[in-house]
Amino acid sequence: MVVETQSVRFDSISLDNGATLAPVDVAYETYGELNAAKSNAILILHAFSGDAHAAGISHEGKPGWWDNMIGPGKAFDTDKYFVLCSNVLGGCRGTTGPASINPATGSQYALKFPGITIRDMVRLQKMLVDHLGITRLLAVTGGSMGGMQALEWAVSYPDSVAAAIPIATTARHSAQQIAFNEVGRQAVIADPDWNEGNYYGGKLPARGLAVARMVGHITYMSDDSMREKFGRRLQSKEKYGFDFSVDFEVESYLRYRGSEFVNRFDANSYLYITKAMDYFDLAGEGGSLATTLEKVKARFLVISFSSDWLYPSYQSIEIVRALRRRNLNVAYCELPSNYGHDSFLVDVAEQTDLIRGFLASAFKEKASRETAA
Amino acid sequence: MTSAVALRSKPFVGELLGRSDYAIIGEIVEPNTMVLDLGCGEGELLAWLAENKGVDARGVEMSGSKVQRAISRGVSVYQGDIDEGLADYPDQAFDYVILSQTLQETRTPVKVLREMLRVGRRAIVAFPNFGHWSVRFSMLFTGKAPKTKLFPHEWYDSPNIHVLSVEDFESLAAREELIVERRYCLAGHRRIDYLQNLRAEVAVFLVRK
């Protein structure tokens, strides 16, 4: 199934930092059919480096980043549900971000782009959902940064969300999570080609961005998965080189992942989006999560993974406990997996069973409530 | 699958999901209430209550694989420990809190019972009766920790760390000043009306404060 990325332009959006961005474009894809009652829509929220292409095959022949979860008969069954995914604000895959043209100057925003938050991303998604005429989503879901957006949706728009499925995520970025992001940002900034963000049309800060991505990939895997995948195997050689060329397979893999990333991701988007994640603290400074959840109406399925040390289960359990304090309907499971933080993208068999059952039940409940109302 | 039978008038109790205590619980729970099932396993009872009684059904279960199967059937279950897990719930959040065949496995049964009646208006407790004649005979004639149909484990691998009889539960309920609203004693599918502590294999209590 070849899918088309679509785009819609809005006049402006007001941001948390007080700035207004005008105009603003949103790139999105949809899969399946919206039913007559518009009651079967599921919003997929992508993680840090994802984009609107969540499922199906693009014109370039590339499968979507969650194609193993979205499609006919899959967890997000497009025979039953209308599935929607958009590129986040600040991104570089069709939605307005620092690489977009600033109408005031006629050149790229670069560091003139306003600072953004997870809530800003969600505000723009709400504009898209309104534009499509959907008043209440059946579900919002995503892993990692996508999970943060799912939580923000349930809090910011309680009447527009029937169910939320935050996966491998947190209600607030921890010091460790901020620290890894800061290493990535400093790698970009330390590259002389970054040039205070003004590299468009010139040489890209490819080395810095590649190093940033290498660090990221380490945090997405686990000790076990790296041992299984690479061990200490050497890359196309029998002996150590003693010359700082690639010795180990793991080095080769990280270099490949780093250089590949440079071709598809904007370095300034890297800075802006990682900051948005670091600013994310659902309860606000010193606030209580349970108080923040006061107006939430959605039911929840929270999923974490046993080997995920970047977004460890304790962070999911914090969310679950706060939901329980509010007596909200929440299911929680830590799935056993060796793939670290990447589990939600690659180890999907059990995740599929959970989500399929949860969605069927949420869909039924939503239908009966809306009929009653 | 059979539905719960009318209990008070009949000496025989049907089965629900293959269990007579479930049949009783299925009968006790009023429609459209909020129910929390502690140690809910794969969520079979909760799914039945949601489907047939319109209950808002939630569960707690320790075993990750059971939690997975419960969520997969659409039941809201979270993975957690009963001994610790109720603290987050607000007071009187549920109409019923169910503890089926699990009280004898908890580390702190009295604390669990008190917590059940803090978060719920009523508690439904079902447990295997350690006062049954087969347990008494087993101990008397073998001189070993009793092994029976109801308590089939060796002493060293039994999950049952706080075994109790019908009389024990009555005493505890009196000490905790609980009101026993209903009490069912079962042997197989038969209700036991006399010599209950000697003849009942399983007891189901509905209690409140």
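Here is a quick tour of a predicted two-chain model, covering the chain contact, a helix pair and a few backbone oddities.

**Where the chains meet**

Chain A puts 22 residues into the contact and chain B puts in 16. On the chain A side, the elements giving two or more residues are β11 (299-305), α9 (313-325), β12 (330-335) and α11 (349-372). The top contributor there is α11(A), with eight residues. By type, the chain A side splits into 10 nonpolar, eight charged and four polar residues.

**A helix pair in chain A**

Helices α1 (residues 118-131) and α2 (residues 145-156) of chain A have axes that come within 9 Å and cross at roughly 70°. An angle of 65 to 115 degrees counts as roughly perpendicular, so α1(A) is roughly perpendicular to α2(A). The crossing is right-handed. From α1(A), the contact uses I118(A), R119(A), M121(A) and V122(A); α2(A) answers with M148(A), Q149(A), E152(A), W153(A) and S156(A). That set divides into five nonpolar, two polar and two charged residues.

**Backbone oddities**

Two residues have a positive phi although neither is a glycine:

| Residue | Phi | Loop | Other C-beta atoms within 10 Å |
|---|---|---|---|
| S144(A) | about 60° | between β9 (137-143) and α2 of chain A | 27 |
| E177(B) | about 55° | between α7 (166-175) and β6 (179-187) of chain B | 7 |

With those counts, S144(A) is buried, whereas E177(B) is exposed.

There's also a cis peptide bond between A22(A) and P23(A), with omega about -10°. P23(A) sits in the loop between β3 (20-21) and β4 (24-31) of chain A.

Notes: Residues are numbered from 1 along each chain as its sequence is written. Chains are lettered from A and ligands numbered from 1 in the order in which they are written. This is a predicted model: local features need pLDDT of at least 70, side-chain atom pairs count only at pLDDT 80 or more; totals for chains, interfaces and linings use all residues. Two residues are in contact if their C-beta atoms, placed from the backbone, lie within 7 Å. Helices (H or I, at least four residues) and strands (E, at least two) are DSSP runs, numbered from the N terminus. Ala, Val, Leu, Ile, Met, Phe, Trp, Tyr, Cys and Pro count as nonpolar, Asp, Glu, Lys and Arg as charged, and the others, Gly among them, as polar. Axes are lines fitted to C-alpha atoms, for helices over the stretch in contact, and angles run from 0 to 180 degrees between N-to-C directions. Angles under 35 degrees count as roughly parallel, over 145 as roughly antiparallel, 65 to 115 as roughly perpendicular and the rest as oblique. A crossing is left-handed if the near helix is turned anticlockwise from the far one by less than a right angle, and right-handed if clockwise. A residue is buried if 20 or more other C-beta atoms lie within 10 Å of its own, exposed if 12 or fewer, and partly exposed in between; C-beta atoms are placed from the backbone.
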